[in-house]
Amino acid sequence: MTALLKLDADPSPFTFDPATTALLVIDMQRDFVEPGGFGETLGNDVTLLRAVIPPLRAVLDATRAAGMTVIHTREGHLPDLSDLPPAKLRRGTPSLRIGDPGPKGRILIRGEYGHDIVDELAPIAGELVVDKPGKGSFYATGLDEVLRSTGVTSLVVTGVTTEVCVHTTVREANDRGYECLVLADCVGSYFPQFHQAGLAMIAAQGGIFGWVAPSRAFLAALAGRPALPQT
Ligand code: C5J
């Protein structure tokens, strides 16, 4: 039996069945949100991304309590760099390149401390962690097969960064037929203007890539109550 829930979203109400909806938590890794990691080597102020952690933690708690599927992703590369395209390695002028030793271990390398998910959002037993070499969560991973085999048709998308890995993933998911709701305060960017534009692009043209809503609307829908107005 389906139990459809509905919430106010941009550009139109979003309807979902918790049984066929997964929470996707994208790349909430120390490498992106803490000093000394990949994000900082690119010259970014990583403190901007930490605002995402408290609302995302509340969403994580609620989806776990509701028994929904939770999937985490991590961007990174094998220690021998065999899955790292030379173009990605050469790109830009970072202070440290992917694979170089940094204060939190080798930059963006699987198994290193910096590559793992921050303590506040650490996966619990039973939650899938998808390791991905690219920006999109579907490229060179088994994510699509996992979602299809478990009957997931909708994604609640969170994580970092809005215009890079979140956007790439939403576009990939949309092309594969998934309905994506992006929680505006649970995604973040080093560039506030890109964050705003990224969200607007998702909901524009009647929801060309999906829907956007604040996490309070999603939490209220899960709890079966009207969303509180924003304070
Ligand atoms: C980036 C990501 N920004 N997770 N990765 O390189 O968005």
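**Exercises on aromatic pairs, ligand contacts and helix α8**

Arg30 lies over the face of Tyr113, 3.8 Å from the ring centre; a charge counts as over a ring if NZ of Lys or CZ of Arg is within 6 Å of the ring centre and within 35 degrees of the ring normal. The model is predicted, so local features need pLDDT of at least 70 and side-chain atom pairs pLDDT 80 or more, while totals for chains, interfaces and linings use all residues. Residues are numbered from 1 along each chain as its sequence is written, and side-chain values use heavy atoms, without hydrogens and water.

**Exercise 1.** Classify the pair formed by Phe14 and Trp211, and locate both residues.

*Solution.*
Step 1. Rings of Phe, Tyr and Trp (its six-membered ring) pair if their centres lie within 6.5 Å; planes under 30 degrees apart are stacked, over 60 edge-to-face, and the rest tilted. This rule gives six aromatic pairs.
Step 2. For Phe14 and Trp211 the centres are 5.1 Å apart and the planes 65° apart, an edge-to-face pair.
Step 3. Phe14 belongs to strand β2 (residues 14-16) and Trp211 to strand β10 (residues 211-213), so the pair links parts of the chain 197 residues apart; strands (E, at least two residues) and helices (H or I, at least four) are DSSP runs numbered from the N terminus.
Step 4. Phe14 and Trp211 are both buried, that is, under 20% relative accessible area (exposed is over 50%, partly exposed in between; 1.4 Å probe, protein chains only).
Step 5. Ring pairs join Phe14, Phe16, Trp211 and Phe218 into a cluster.

**Exercise 2.** Identify the polar contacts of the ligand with Glu75, Lys135 and Thr161.

*Solution.*
Step 1. Residues near the ligand (a heavy atom within 4 Å) include Asp27, Phe32, Phe38 and Val160.
Step 2. A polar contact with the ligand is a pair of N or O atoms within 3.5 Å. A ligand nitrogen is 3.0 Å from a side-chain N or O atom of Glu75.
Step 3. Ligand oxygen atoms take part in two further contacts: at 2.8 Å with a polar side-chain atom of Lys135, and at 2.9 Å with a polar backbone atom of Thr161.
Step 4. Alone, the ligand exposes 230 Å², of which the protein buries 93% (Shrake-Rupley method, 1.4 Å probe).

**Exercise 3.** Determine which residues of helix α8 are buried.

*Solution.*
Step 1. In α8 (residues 215-223), the buried residues are Ser215, Ala217, Phe218, Ala220, Ala221 and Leu222.
Step 2. These buried residues pack against elements including β1 (5-7), β2 and β10, where contact means heavy atoms within 4.5 Å.
Step 3. After α8 comes Gly224, with a positive phi near 75°.

Methods. A polar contact is a pair of N or O atoms within 3.5 Å; within protein, one must be able to donate a hydrogen and the other to accept it, and residues adjacent in sequence count only if both atoms are side-chain atoms.
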